[in-house]
Amino acid sequence: MFDAADFIEESVQQMQTSIDDIAIIACSGGVDSTVAAVLAHQAVGNLLHCVYVDTGFMRKNETEEIEAMLSDLGIQLITIKAADRYFSALKDITEPEQKRKIIGELFIRIFEEEQVKCGAKYLIQGTIAPDWIESGGGVRDTIKSHHNVGGLPEDMSLEVVEPLRELYKDEVRELARALHIKVSERQPFPGPGLAVRTLGELTPERVEVVREACAIVEEEFENASSQGLMELPWQYYAALLPVRSVGVHGDVRAYGETIVVRAVRSMDGMSARYSEIPHSILQKVSTRITNTCKGAVNRVVYDITHKPPGTIEWE
Ligand code: XMP
């Protein structure tokens, strides 16, 4: 039986003994990295440099929200605006594994630059068990290279510390509640962010469409569930598919792309069932997305695939 208080005590003690110099943490504002940041901060205090990379693939208003949350937790956040670097590194790249590798590598490079600036010797990461199990541990085939595992370059000069490595999501949420972290119930969000929800070419315009569509899905599902109209899924989002279809706006022919809405029930992300969302809510989401992303999107579809065989994210 998992005991959050025991885990916190042990993990803080362990980091106190193993970290003897400046450490950098990659905080994305998600449950995993925020819990890791708070534990590390309790362990080493000001030796911790908490860095947030704004990759350009974050959700609507996410950067501001993360900055406010960390400040409330007493942790000073260093924000690095890196969207331009990410978009140019990913220009013309459409193959999902290649995207993930480039994003992971650039992520680590940016941390190395920060390491040089602050002289950090350790890199703390919020990796949890499903991240590395699915990235291929020898016995398993590589399903996807997860951001925080597959992207690590071989010449990396930082020593990696992963305090949550053996935990599953429900255990990390328990820790977050115990540590009074307000994103404790927040749905998971992949390390590479909206980049893996923008299938095909990554342009600022296409990512912006996904950002708007994800915000609409989140808002409508959260409203509907707070009104008791549906159960809030474990994860719910929109992805942009490079599939164009003919449509009509007013009297004019449109030839836009496709948004797929995905919502799943799951315990730990390892397997999942698609959520049965009431049609009235899906219809509202569809209308809002096509109205907001006029011209860019003229068709919205709902994904009814379980995991397996589909993964939760589309890339
Ligand atoms: P998949 O798509 O593999 O996702 O079924 C399982 C869970 O993991 C999340 N995910 C990631 N999390 N780095 C992460 O930290 C990643 O690269 C990554 N890719 C997927 C996904 O959102 C789901 O919750």
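User: In this predicted model, why are helix 2 and helix 8 called oblique to each other?

Analyst: Helix 2 (residues 31-44) and helix 8 (residues 169-178) pack at an angle of about 50°, and their axes lie 10 Å apart. Angles under 35 degrees count as roughly parallel, and 65 to 115 as roughly perpendicular. The angle of about 50° is in neither range, so the two helices are oblique. Their crossing is left-handed.

User: What makes the contact between helix 2 and helix 8?

Analyst: Helix 2 supplies Val-31, Asp-32 and Val-35. Helix 8 supplies Lys-169, Val-172, Arg-173, Leu-175 and Ala-176. By class, five residues are nonpolar, three are charged and none is polar.

User: Why do strand 3 and strand 5 count as edges of the sheet?

Analyst: The open sheet has five strands in the order 3-2-1-4-5, with parallel pairing. Strand 3 (77-81) and strand 5 (159-161) each have a single partner strand, so one side of each has no neighbour in the sheet. From one strand to the next, the twist averages 30°.

User: How do you know that strand 1 and strand 4 pair?

Analyst: Pairing needs at least two bridges. Three bridges join strand 1 (residues 23-26) to strand 4 (residues 122-124), so the two strands pair. They run parallel. Ile-24 has Leu-123 of strand 4 as its bridge partner.

User: Which strands does helix 2 touch, and what angle does its direction make with that of strand 2?

Analyst: Helix 2 packs on the sheet and touches strand 1, strand 2 (48-54) and strand 4. Its direction makes about 160° with that of strand 2. Angles over 145 count as roughly antiparallel, so helix 2 is roughly antiparallel to strand 2.

Conventions
Residues numbered from 1 in each chain as written. Predicted model: local features only at pLDDT ≥ 70, side-chain atom pairs only at ≥ 80, totals over all residues. Heavy atoms only, no water. Axes fitted to C-alpha atoms, helices over the stretch in contact; angles between N-to-C directions. Helix = DSSP H or I, 4+ residues; strand = E, 2+ residues; numbered from the N terminus. Left-handed = near helix turned anticlockwise from the far one by under 90°. Contact = heavy atoms within 4.5 Å. Nonpolar A, V, L, I, M, F, W, Y, C, P; charged D, E, K, R; others polar.
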